[in-house]
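Here is a short briefing for a reader who has not met this structure before. Take a look at the sequence and the model, then read on by topic.

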Amino acid sequence: MDINQIKKLKESLFKPSQSGWMTLEEENKKKMYTYSEGYISFLNEAKTERMCVTYFKNLLIENGFKNIDDCQTLKPNDKVYYINKEKNIYAAIIGQEDNLNIIGAHIDSPRLDLKPNPLYESDELALFKTHYYGGIKKYQWLNIPLSMHGVIVKKDGTKIQIDIGEKEEDPIFTIADLLPHLSNWQENKTLYEAIDPENLNILVGSIPYTKDKINENIKLNIISILNKEYGITERDFVSSEIEFTPAFKSKSLGFDKSLIAGYGQDDRACTYTSMTALLNIENPKKTAICILADKEEIGSMGNTGMSSTSFDYFIEKILKKINSTKTINEIYNDSLVLSADVTGAYNPNFPDIYEKNNESYLGHGLSLIKYTGSASKGGASDANSEYVALIRKIFEENNITYQSSEMGKIGIGGGGTIAYILANRGMNVIDCGISLLSMHSPYEISSKFDIYNAYQGYISFYKTDEILKK
Ligand code: MN
Ligand code: MN
């Protein structure tokens, strides 16, 4: 055998493990960059779950989707959506058969929520008390520009929308860290201990209301500004959902502009790609469904999380309106699901954390994750190999670049997604998403190659009429 034959043999026997950029044609690169522009503007526009719902509701309506409750009956290629309590959304294109191809992503991201009694004054400054949401490294959230988003609902039901900090002319907010000159005591602590979560207090003002000497003079000024602007009193915070997110704009990263930096890419990377993929589907053989769930970052509980029965409610509506004779469990049992969630990409700054043969790499395409969980695979939904084989077939036949991975060395940490919740209902589920650097930080990093490749991979999945043979 000469060296060329040996190289060919190796190529035919080894799994491919090179960056997707290596074989990418210039024309496709242009498509990727154009698609990424849309993704970047989405990241800038929709930083919270409620904002995502509004964004996608508009996009779905523009693309001919109707509120499912406005449809008496449904027939193949009808396009419908259902919004659950303004914080999560399901969209579907009715298939010729009643089997389902489902892609599920989530639209909540780590952030700082306001406590129910947030506003206080201390030493001539006004501040907001926060309660962090999702897994954050606390030190990353100090001294960065923060924007304020959410709703305050008054007791008569009036809903006040607040969005401050994204427009050029808007003020921003921040949490003041201690200067290095006075931080020896802090630098000697563990990262976890160095910032007390009770000290994640956001600076919101400094001018007193009156020149008279009264208590809580600055707090009074802030609440009167809010009262004038929004008609609220301090007590209205009790019935509010206010989230502080990084105010950074999402941008292309690198001299080659191949990467994207932006807040909330967990899981907006999979949200945007799976929803825009759905908009590309016409006349699917099976019903194509996109789930955008809330509350994934805190365990998927609650009436907008994946554990709620609101998804079953949506499916029941569909089955009724298409006059299906099947039960919901029969439908679930045959359903194919991609749990579209991000995973951590290999980070060259911390090589010791990873087991290089089984990591996700930026630019290597969709990450297929058979199981998540921690050291013992605890809490994981471990996908059947029969189902993994089917997904491989779909991707390989459609030239979708994918990698198969875990996240970090065994026992270093772990994580979970919505996969197990859908698997518990009897569906065939595998985690299949985009890898990120600096996941859960205020400025996460993705690859344009992976974003576009996921979009194409999700299209091929929605379109497939493959079934898992029993
Ligand atoms: Mn996630
Ligand atoms: Mn997450």
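What spacing do the donors of the manganese ion (ligand 1) follow along the chain? The spacing is H-x159-D-x74-D. The model is predicted. The points below take up the metal site, a buried arginine, some backbone angles, one helix and the two domains.

**Manganese ion (ligand 1)**

- His 106 coordinates this ion through NE2, and Asp 266 through OD.
- Asp 341 appears twice among the donors, each time as OD.
- The coordinating distances run from 2.1 to 2.6 Å.
- Asp 266 lies in helix H7 (residues 265-278), while Asp 341 lies in the loop between strand S14 (336-339) and strand S15 (343-344), so the pair ties together parts that are 75 residues apart in sequence.
- Both Asp 266 and Asp 341 are buried.

**Manganese ion (ligand 2)**

- The protein donors here are Asp 266 (OD), Glu 297 (OE), Glu 297 (OE) and His 440 (NE2).
- They lie 2.1 to 2.5 Å from the manganese ion (ligand 2).
- Along the chain, the donors of this ion follow the spacing D-x30-E-x142-H.
- Glu 297 sits in the loop between strand S13 (287-293) and helix H8 (310-321), and His 440 in the loop between strand S19 (435-436) and strand S20 (444-447), so this pair ties together parts that are 143 residues apart in sequence.
- Glu 297 has a relative accessibility of 13%, so it counts as buried.
- His 440 also counts as buried, because its relative accessibility is 18% and the cut-off for buried is under 20%.

**The bridge between the ions**

- Which residue coordinates both manganese ions? Asp 266 does.
- The manganese ion (ligand 1) and the manganese ion (ligand 2) lie 3.3 Å apart.
- Asp 266 is also joined to Asp 267 by a cis peptide bond, with omega about 10°.
- Asp 267 is found in helix H7.
- Most peptide bonds are trans.

**A buried arginine**

- Arg 111 lies in strand S5 (residues 111-122).
- Is Arg 111 buried or exposed? Arg 111 is buried, with a relative accessible area of 3%.
- Its side chain makes a polar contact with the side chain of Glu 49, at 3.3 Å.
- Leaving aside neighbours within four places in sequence, Arg 111 is in contact with several aromatic residues, among them Tyr 132, Tyr 133, Trp 141, Phe 244 and Tyr 263.
- Ile 136 and Glu 243 are also in contact with Arg 111.

**Positive phi angles**

- Most residues other than glycine have a negative phi.
- Lys 257 has a positive phi, near 55°.
- Lys 257 is placed in the loop between strand S11 (251-253) and strand S12 (259-262).
- At 49% relative accessibility, Lys 257 is partly exposed.
- Lys 377 has a positive phi too, near 70°.
- The loop between strand S16 (366-369) and helix H10 (385-397) holds Lys 377.
- Lys 377 is partly exposed, with a relative accessible area of 36%.
- Asn 323, just after H8, takes a positive phi of about 60°.

**Helix H8**

- H8 has 12 residues.
- From first C-alpha to last, H8 reaches 17 Å, close to the 16 Å expected at 1.5 Å a residue.
- Nine of the 12 residues are buried, so H8 is largely enclosed by the rest of the structure.
- The buried residues include Phe 311, Phe 314, Ile 315, Ile 318 and Leu 319.
- Lys 317 and Lys 321 are among the buried residues as well.
- Strands S2 (79-84), S3 (88-93) and S4 (100-106) are among the elements that cover the buried residues of H8.
- The cover also includes S13, helix H9 (328-334) and helix H11 (419-423).

**Two domains**

- The domain assignment gives domain 1 (8-109 + 263-463) and domain 2 (111-246).
- Their centres, taken over C-alpha atoms, are separated by 34 Å.
- Domain 1 brings 19 residues to the contact, and domain 2 brings 17 residues.
- The two domains bury about 1,500 Å² between them, with 50% of it on carbon and sulfur atoms.
- Which three residues supply 33% of the area that domain 1 buries against domain 2? They are Lys 47, Arg 50 and Pro 442, and they supply more than any other three residues.

How values were computed
Residues are numbered from 1 along each chain as its sequence is written. Chains are lettered from A and ligands numbered from 1 in the order in which they are written. This is a predicted model: local features need pLDDT of at least 70, side-chain atom pairs count only at pLDDT 80 or more; totals for chains, interfaces and linings use all residues. Side-chain values use heavy atoms; hydrogens and water are left out. Donors are N, O and S atoms within 2.8 Å of the metal (3.2 Å for Na, K and Ca); water is not among the atoms, so sites may look incomplete. Helices (H or I, at least four residues) and strands (E, at least two) are DSSP runs, numbered from the N terminus. Buried means under 20% relative accessible area, exposed over 50%, partly exposed in between (1.4 Å probe, protein chains only). A polar contact is a pair of N or O atoms within 3.5 Å; within protein, one must be able to donate a hydrogen and the other to accept it, and residues adjacent in sequence count only if both atoms are side-chain atoms. Contact means heavy atoms within 4.5 Å. The expected span of a helix is 1.5 Å times one less than its number of residues. Domain bounds come from an automatic or database domain assignment. Buried area is the accessible area (1.4 Å probe) that two parts lose on being put together, summed over both.
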